Amino acid sequence: MKFAEFKDGMLIKAGPMKVTEAEILEFARKFDPQWFHTDPQRAAEGRWGGLIASGWHTCAMAMRMAVDAALHDSESFGSPGLGEVRWRTPVRPGDTLRLEARVQGARTSSSRPDLGIITWYWTVINQHDEGVLEMEATSLFDLSGED
């Protein structure tokens, strides 16, 4: 999508994305090697009753869906950061996730007319219609006409 296509209140949907045990293990071993993300046998006996994905992995999957649905081939060039991030329900092997991102604001910077700013609220939902991730995101867009 191009910046001009984003409108206040717009709902952008993406997915589905299937979560595999192999991906959970690969991500966790590299970036979040806590036992409940990396050891299926020990995780089965733990508080969560089985292996769960790292919350950061869930964020990365949400990012992938946002790129696929809206940011690919846009003028987006980065983000100044995130607002609140909440992991609501553990993501497990075999889950199927989807993204619903509601645009809360789309504006051109008052001090820099070559800068577009989107604020949006992302919700990632599993196959049981349970929210697994909620976060406030801001995306920046280069409106100077240069790539």
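The salt bridges of this predicted model number 6, a salt bridge being a side-chain nitrogen of Lys or Arg within 4 Å of a carboxyl oxygen of Asp or Glu. Because the model is predicted, local features need pLDDT of at least 70 and side-chain atom pairs count only at pLDDT 80 or more, while totals for chains, interfaces and linings use all residues. Residues are numbered from 1 along each chain as its sequence is written, and side-chain values use heavy atoms, with hydrogens and water left out. Side chains of opposite charge can pair when their charged atoms come close.

One such pair is arginine 86 with glutamate 84, whose side chains meet at 2.7 Å, N to O. Accessibility is described here in three classes: buried means under 20% relative accessible area, exposed over 50%, and partly exposed in between (1.4 Å probe, protein chains only). Arginine 86 is partly exposed at 37%, and glutamate 84 is partly exposed at 38%.

A second pair is formed by arginine 88 and glutamate 134, with an N to O distance of 3.2 Å. Arginine 88 lies in the loop between strand S3 (82-87) and strand S4 (96-108), whereas glutamate 134 belongs to strand S6 (residues 131-142), so the salt bridge ties together parts that are 46 residues apart in sequence. Arginine 88 is partly exposed, with a relative accessible area of 47%, but glutamate 134 counts as buried at 19%.

Arginine 112 also forms a salt bridge, with aspartate 114, and their closest N and O atoms are 3.5 Å apart. Arginine 112 is partly exposed at 44%, as is aspartate 114 at 29%. In addition, Arg98, Glu100 and Asp129 are joined into one network by salt bridges that share partners.

Strand S6, which carries glutamate 134, also takes part in strand pairing. Strands (E, at least two residues) are DSSP runs, numbered from the N terminus, and two of them pair if DSSP finds at least two bridges between them. S3 and S6 run antiparallel and are joined by 4 bridges; in this pairing, tryptophan 87 stands opposite leucine 133. Strand S2 (residues 76-78) pairs with S6 in the antiparallel sense over 2 bridges, and here glycine 78 stands opposite leucine 140.

Strand S5 (residues 115-125) is likewise antiparallel to S6, with 11 bridges joining them. Isoleucine 117 stands opposite leucine 140 of S6. S5 and S6 form a hairpin with 5 residues between them, and aspartate 129 in the turn has a positive phi of about 60°. Aspartate 129 is also a member of the salt-bridge network with Arg98 and Glu100.
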